[in-house]
Amino acid sequence: MVEAPLLIRPWLGRLTQAELFVVMVAGFATISGNMLVVYATMIAPVVPDAAGQLLTASLVSAPGAILAALLMLPEREAMAASAPEREAPRLHDSTMDALVRGTADGLQLLLGIMASLIVFVALVALTNGILQPLTGWTLEGIAGVAFWPLAFAMGIPAGECATVGASLGVKVVVNEFVSYLQLAASGGAGLAERSRVILTYALCGFTNFASVGIMVTGMAAMCPERRADILQLGLKALVAASIACCMAGATVGVLTAP
């Protein structure tokens, strides 16, 4: 029997640079099922049909992620001639060996992801601690200003763009959980219902710096020979996925134009 790692590792190893980039962008631009339930529960009082909106957001962001990824990194590699399939070598001597090694590998992967999350969040806090006393700005504030034009392009009224841009900035610098938490805690103060729905779509994705560390750690553990490519594409994938999420928000803005 072929174990799951034997299937995943050759598949990742055969991807071209552009195809690997599409996989990474799609992972950033969507959310998992368990987090969908958490976020829907949080924002249900301020966003109508929150669960349906978040599910639709992930579906809409998927083709947007492919489009953004291939526009940023077009496929330029020639198709390799198909070689005859070889039988995958055995990684383990027995079922017990597979269980023991699989448990150890899973624990190592989990610890690596947790460590990456802690380090990236701490790095953001450290940068803010240095930047704020000197300039009065935080990374979230700078990102919020940068997102103001994107908020306007998604169809948000000019008077509400600062609020939406700040929420998008918190999402990228910290994570989308905090952004949704702030939206729920404020009750959508200062935002019309249409703007809250657009913001819900734009926030729906793991597009933050901590997620870059998590994805790089996880994918590099599954396919060590592509580690250099994964590291090189990490921040580019974050930018492309952010664009894809904003495209989902813009789609709602067009469909619900006042």
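**Helix packing and buried positions in an all-helical model**

In the predicted model, the crossing between helix 11 and helix 12 is right-handed. Helix 11 spans residues 209-222, and its axis comes within 10 Å of that of helix 12, the two crossing at roughly 155°. Because an angle over 145 degrees counts as roughly antiparallel, helix 11 is assigned a roughly antiparallel arrangement with helix 12. On the helix 11 side, the contact is made by Phe209, Val212, Val216, Met219 and Ala220. Helix 12 contributes Arg227, Ile230, Leu231, Gly234, Leu235 and Leu238 to this contact. By residue class, the contact of helix 11 with helix 12 comprises nine nonpolar residues, one polar residue and one charged residue.

The protein as a whole contains 12 helices and zero strands. From the N terminus on, the order of elements is accordingly α-α-α-α-α-α-α-α-α-α-α-α. Of its 258 residues, 40% count as buried. Among contacts in the protein with a separation of 6 or more, 78% are accounted for by residues 24 or more positions apart.

Helix 12 (residues 227-255) also packs with helix 10 (residues 193-203), at an angle of about 150° and with the axes 7 Å apart. Helix 10 and helix 12 are therefore roughly antiparallel, and their crossing is right-handed. In this pairing, Arg194, Val197, Ile198, Tyr201 and Ala202 of helix 10 meet Cys245, Ala248, Gly249, Val252 and Gly253 of helix 12. Seven of the residues in the contact of helix 10 with helix 12 are nonpolar, two are polar and one is charged.

A further partner of helix 10 is helix 8 (residues 161-173), which packs with helix 10 at an angle of about 20°, the axes being 11 Å apart. This angle makes helix 8 roughly parallel to helix 10, because values under 35 degrees fall in that class. The crossing of helix 8 and helix 10 is right-handed. Val164, Ser167, Leu168 and Lys171 of helix 8 meet Leu199, Ala202 and Leu203 of helix 10. The contact of helix 8 with helix 10 is made up of five nonpolar residues, one polar residue and one charged residue. Ala202 thus takes part in the contact with helix 8 and in that with helix 12.

Individual positions in these helices were examined next. Thr200, in helix 10, is buried, with a relative accessible area of 0%. Apart from neighbours within four places in sequence, Thr200 is in contact with Ile43, Val47, Leu54, Tyr180 and Leu183.

Helix 12 contains Ala237 and Ala240. Ala237 counts as buried at 0% relative accessibility, and Ala240 is likewise buried, with a relative accessible area of 0%. When neighbours within four places in sequence are set aside, Ala237 is in contact with Phe21, Met24, Val25 and Phe28. On the same basis, Ala240 is in contact with Phe21, Val25, Ala68 and Met72. Phe21 and Val25 therefore occur in the contact lists of both Ala237 and Ala240. Between the C-alpha atoms of Ala237 and Leu73, the distance is 9.8 Å, although these residues are 164 residues apart in sequence. For Ala240 and Gly64, 176 residues apart along the chain, the C-alpha separation is 9.4 Å.

Side chains of opposite charge can pair when their charged atoms come close. The structure holds one salt bridge, formed between Asp229 and Arg226, with the closest N and O atoms 2.8 Å apart. Arg226 has a relative accessible area of 8% and is classed as buried because this value is under 20%.

One backbone feature was found in a loop. Most residues other than glycine have a negative phi. Asp49, which is not a glycine, has a positive phi of about 50°. Asp49 lies between helix 3 (33-43) and helix 4 (50-72). With a relative accessible area of 59%, Asp49 is exposed, in contrast to the buried Arg226.

Key. Residues are numbered from 1 along each chain as its sequence is written. This is a predicted model: local features need pLDDT of at least 70, side-chain atom pairs count only at pLDDT 80 or more; totals for chains, interfaces and linings use all residues. Side-chain values use heavy atoms; hydrogens and water are left out. Axes are lines fitted to C-alpha atoms, for helices over the stretch in contact, and angles run from 0 to 180 degrees between N-to-C directions. Helices (H or I, at least four residues) and strands (E, at least two) are DSSP runs, numbered from the N terminus. Angles under 35 degrees count as roughly parallel, over 145 as roughly antiparallel, 65 to 115 as roughly perpendicular and the rest as oblique. A crossing is left-handed if the near helix is turned anticlockwise from the far one by less than a right angle, and right-handed if clockwise. Contact means heavy atoms within 4.5 Å. Ala, Val, Leu, Ile, Met, Phe, Trp, Tyr, Cys and Pro count as nonpolar, Asp, Glu, Lys and Arg as charged, and the others, Gly among them, as polar. A salt bridge is a side-chain nitrogen of Lys or Arg within 4 Å of a carboxyl oxygen of Asp or Glu. Buried means under 20% relative accessible area, exposed over 50%, partly exposed in between (1.4 Å probe, protein chains only).
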